[in-house]
Amino acid sequence: MHINGKKVGFNKGFNIKPTVKTYTKANKMLIEVLKMSASANRLNAVDVDDPHYTEFVIKSVEAEDKLMEDGIKFLVDLFKLNEKQVEHLEETIPDSNVLANYLSYVIRRIKGQSDEEIALEDKKASVTQKESDPKIVGDCLQAIDDVNNDIEDVAYMEKRLLQDGGVLPSQIENENIYDLFRITKARNREDRPLSSYAAHAKLRRLSKKGGK
């Protein structure tokens, strides 16, 4: 899987493997991005005279600081950057918003979206939402629930592999997660739905039997 790196100063980009471990880390990182976004938009919606305004400011700053620290580490580990590249990355990212946007792109690529799909999604979002739209906070909280469910889905897959085949989570963390999704969703031929051709053929056979 190729990840575009131009937004953070790397023209060649990076090739990564979407492993179980990477997918899980990406989901956890996405929760941080969503929390920062929710915190920032909640702050934008609060008047400076509100008695809780200072509290919202502190929470927003803390969320930004945490994202900057954890986000940089996530990219460094994911792209296996050397010391010089880490320095270049840190110099290229001016603030938490730039980092959050790039993390969002990287995570969506890991979760299976193409560059074209991401660009179209971002274009639609920019048209339908304003920066201070209170609805964004609710959307972020809903998205966090969705991501937590995704994390639980991966854990359930690991549980099934352990119960059915004695496979430990540590044995599959470096395997391609989409291969594992395909394997764990596979069904016996008897349990698969009939194709339209097979369904019509079956109906024809039944019709012939009924006509006799």
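Student: In which hand does helix 1 pass helix 4?
Tutor: This is a predicted model. The axes of helix 1 and helix 4 come within 10 Å and cross at roughly 145°. The crossing of helix 1 past helix 4 is left-handed.

Student: Which residues of helix 4 meet helix 1?
Tutor: On the helix 1 side, the residues are T22, Y23, A26, M29, L30, V33 and M36. Their partners in helix 4 are S96, N97, A100, L103, I107 and I110.

Student: How far apart are the end C-alpha atoms of helix 4, and why is that expected?
Tutor: Helix 4 covers residues 96-110, which is 15 residues. The expected span is 1.5 Å times one less than the number of residues. That gives 21 Å for helix 4, and the distance between its end C-alpha atoms agrees, at 21 Å.

Student: What caps the N-terminal end of helix 4?
Tutor: The contact runs from a side-chain oxygen to the backbone nitrogen of N97, over 3.0 Å. The residue that supplies this oxygen is D95.

Student: Which residue follows helix 4, and what is the sign of its phi?
Tutor: The phi of this residue is near 105°, so to speak of its sign, it is positive. The residue is G112.

Student: How many residues of helix 4 are buried?
Tutor: Buried means under 20% relative accessible area. The residues of helix 4 that meet this include S96, Y102 and R109. Helix 4 is mostly covered, and the count is 11 of 15.

Student: Is R108 buried or exposed?
Tutor: R108 lies in helix 4. Leaving aside neighbours within four places in sequence, R108 is in contact with Q113, I118, E121 and D122. Its relative accessibility is 12%, and therefore R108 counts as buried.

Student: Which element gives the most residues to the largest nonpolar core?
Tutor: This core has 48 residues, and F74, L75, F79, L89, L103 and V106 touch the most other members. The elements giving two or more residues are helix 1, helix 2, helix 3, helix 4, helix 6 and helix 8. With 10 residues, the one that gives the most is helix 1.

Student: What does L89 touch, not counting residues up to four places away in sequence?
Tutor: L89 is one of the core residues that touch the most other members. With those sequence neighbours set aside, L89 touches V8, F10, I72, L75, V76 and L81.

Student: Is K80 buried or exposed?
Tutor: K80 lies in the loop between helix 2 and helix 3. Its phi is positive, about 55°, although K80 is not a glycine. Exposed means over 50% relative accessible area. K80 has 69% relative accessibility, so K80 counts as exposed.

Technical notes:
Residues numbered from 1 in each chain as written. Predicted model: local features only at pLDDT ≥ 70, side-chain atom pairs only at ≥ 80, totals over all residues. Heavy atoms only, no water. Helix = DSSP H or I, 4+ residues; strand = E, 2+ residues; numbered from the N terminus. Buried < 20%, exposed > 50% of the residue type's maximum accessible area, 1.4 Å probe, protein only. Polar contact = N/O pair within 3.5 Å; in protein donor to acceptor, adjacent residues only side chain to side chain. Contact = heavy atoms within 4.5 Å. Core = buried A, V, L, I, M, F, W, Y, C linked by side-chain atoms within 4.5 Å. Axes fitted to C-alpha atoms, helices over the stretch in contact; angles between N-to-C directions. Left-handed = near helix turned anticlockwise from the far one by under 90°.
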